[in-house]
Amino acid sequence: MSFKEISTWIMLALFAALGFAYVSPMIETRSFASAGGEQILGFVIAFVVLFTIAHIVIAIAAPKAANAAEDERDHRIELYGERAGAYALGAVVLFGLAVALITDNRLFANIFFLGLVWSEIVKAAWQLALYRRDA
Amino acid sequence: MASKSIANTIRTLRFNAGEMTQSQLAERVGVTRQTIISIEKGKYAPSLEVAFRIAAVFDAPIGEVFQYDPALDRVFQKHAP
């Protein structure tokens with residue numbers, strides 16, 4: 001297993017474990033508003049610390065793999081993963097937009113909506129830049 | 001990422017090159033061992049650059065390392081006259 005693949009397994013395990021720890025109190029209290037900034041900050045700090053420790057451990061255990069540069073297959077796999085992640089994020093943003101519209105929260109509705117518009121502008125502009133560069 | 005229309009003889013070429021290991025080949029080509037494994041199994045079609053590098057390692061023409069069968073290429077068949 002390459003270092004990149006091990007790293008991806010660690011990321012998946014950490015997000016699943018921390019995500020479960022984050023969501024559990026919400027399920028228990030049956031309130032999606034029970035967690036706030038402190039919990040989010042805790043999640044982020046815990047993730048960064050655990051991810052760093054895990055990488056140090058695997059780098060010590062397999063230094064050769066850790067020093068090996070990523071190759072084209074890693075990049076392609078990463079790209080496919082990023083695309084799947086973008087679809088998932090887009091679905092959540094659409095859900096958030098729907099909730100904001102239903103609850104008449106115009107601030108968040110516009111943040112979600114303009115966020116989608118902005119991401120499409122960035123996507124199209126980047127694609128056009130690449131088309132022109134390779135033309 | 002796999003391509004059924006492209007086969008390869010890397011395993012044979014490695015054997016003929018003094019039983020070169022996948023790790024050794026990966027190091028010479030500048031990819032990971034997992035990528036060489038995937039290419040050998042036909043699960044990953046490498047870029048032209050990596051394909052040429054592999055051929056250069058064995059000092060063989062690229063056609064000896066990778067073989068293309070148009071009959072198994074759906075895109076080629078779709079546009080065939």
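Being 4 residues apart in helix 4 of chain B, R53(B) and E49(B) are separated by about one helical turn, and I would like to start from this pair, keeping in mind throughout that what we are looking at is a predicted model. The two side chains form a salt bridge in which the closest N and O atoms are 3.5 Å apart. As for their surroundings, R53(B) is partly exposed, with a relative accessible area of 33%, whereas E49(B), at 54%, counts as exposed. Elsewhere, salt bridges that share partners join K4(A), E70(A) and E78(A) into one network.

Let me stay with that network for a moment. Within it, the side chains of K4(A) and E70(A) meet in a salt bridge, with 3.8 Å from N to O. K4(A) belongs to helix 1 of chain A while E70(A) sits in the loop between helix 3, residues 63-67, and helix 4 of chain A, so this pair ties together parts of the chain that are 66 residues apart in sequence. Both partners are partly exposed, K4(A) with a relative accessible area of 25% and E70(A) with 38%.

A further pair in chain A is E120(A) and K123(A), whose side chains meet in a salt bridge at 3.4 Å, N to O. Here both residues lie in helix 5, residues 106-134, and they are 3 residues apart, about one turn of the helix. In general, an α-helix has 3.6 residues a turn, so residues three or four places apart point the same way. E120(A), at 43% relative accessibility, counts as partly exposed, and K123(A), at 42%, is likewise partly exposed. Over all chains, a search of the whole structure finds 7 salt bridges, and the ones I have described are among them.

Turning to helix 1 of chain A, which spans residues 3-29 and contains S7(A), we can ask which residues S7(A) touches, once residues up to four places away in sequence are not counted. They are F51(A) and H55(A), and with H55(A) there is also a polar contact between the two side chains, at 2.8 Å. S7(A) has a relative accessibility of 10%, and since buried means under 20%, it counts as buried. E5(A), which is also placed in helix 1 of chain A, is partly exposed at 36% relative accessibility. To give a sense of distance along this part of the chain, the C-alpha atoms of E5(A) and L18(A), which are 13 residues apart, are separated by 20 Å.

Next, the surface of chain A. L41(A), I45(A), V49(A), L50(A), I53(A) and V57(A) make a nonpolar surface patch of about 520 Å². One of these residues, L41(A), is found in helix 2, residues 37-61, and with a relative accessibility of 52% it counts as exposed.

I would now like to move to chain B, beginning with helix 2, residues 22-29, where Q22(B), L25(B), A26(B) and V29(B) are buried. These four cover an arc of only 100 degrees around the axis, which puts them on the same side of helix 2 of chain B. The face turned away from that buried side carries the exposed residues E27(B) and R28(B). What covers the buried residues includes three helices of chain B, namely helix 1 (10-16), helix 3 (33-40) and helix 4 (48-57). Just after helix 2 of chain B comes G30(B), which takes a positive phi of about 85 degrees.

How enclosed, then, is helix 3 of chain B? Of its 8 residues, 6 are buried, so this helix is largely enclosed by the rest of the structure. The buried ones are Q34(B), T35(B), I36(B), S38(B), I39(B) and E40(B). Their packing partners come from both chains: from chain A there is helix 4 (72-102), and from chain B there are strand 1 (6-8), helix 1, helix 2, helix 4 and strand 2 (66-68). Helix 3 of chain B is followed by G42(B), whose phi is positive, near 75 degrees.

To close, I would put two pictures side by side. In helix 2 of chain B, the buried residues lie on the same side of the helix, with E27(B) and R28(B) exposed on the face turned away from them. Helix 3 of chain B, for its part, is largely enclosed, and its buried residues pack against elements that include helix 4 of chain A.

Technical notes. Residues are numbered from 1 along each chain as its sequence is written. Chains are lettered from A and ligands numbered from 1 in the order in which they are written. This is a predicted model: local features need pLDDT of at least 70, side-chain atom pairs count only at pLDDT 80 or more; totals for chains, interfaces and linings use all residues. Side-chain values use heavy atoms; hydrogens and water are left out. Patches are made of residues with over 30% relative accessible area and no salt bridge: like charges are joined within 9 Å, nonpolar side chains (Val, Leu, Ile, Met, Phe, Trp, Tyr) within 5 Å. Accessible areas come from the Shrake-Rupley method with a 1.4 Å probe; for residues, only the protein chains shown count as cover. A salt bridge is a side-chain nitrogen of Lys or Arg within 4 Å of a carboxyl oxygen of Asp or Glu. Helices (H or I, at least four residues) and strands (E, at least two) are DSSP runs, numbered from the N terminus. Buried means under 20% relative accessible area, exposed over 50%, partly exposed in between (1.4 Å probe, protein chains only). A polar contact is a pair of N or O atoms within 3.5 Å; within protein, one must be able to donate a hydrogen and the other to accept it, and residues adjacent in sequence count only if both atoms are side-chain atoms. Contact means heavy atoms within 4.5 Å. The arc is that of the directions from the helix axis to the C-beta atoms.
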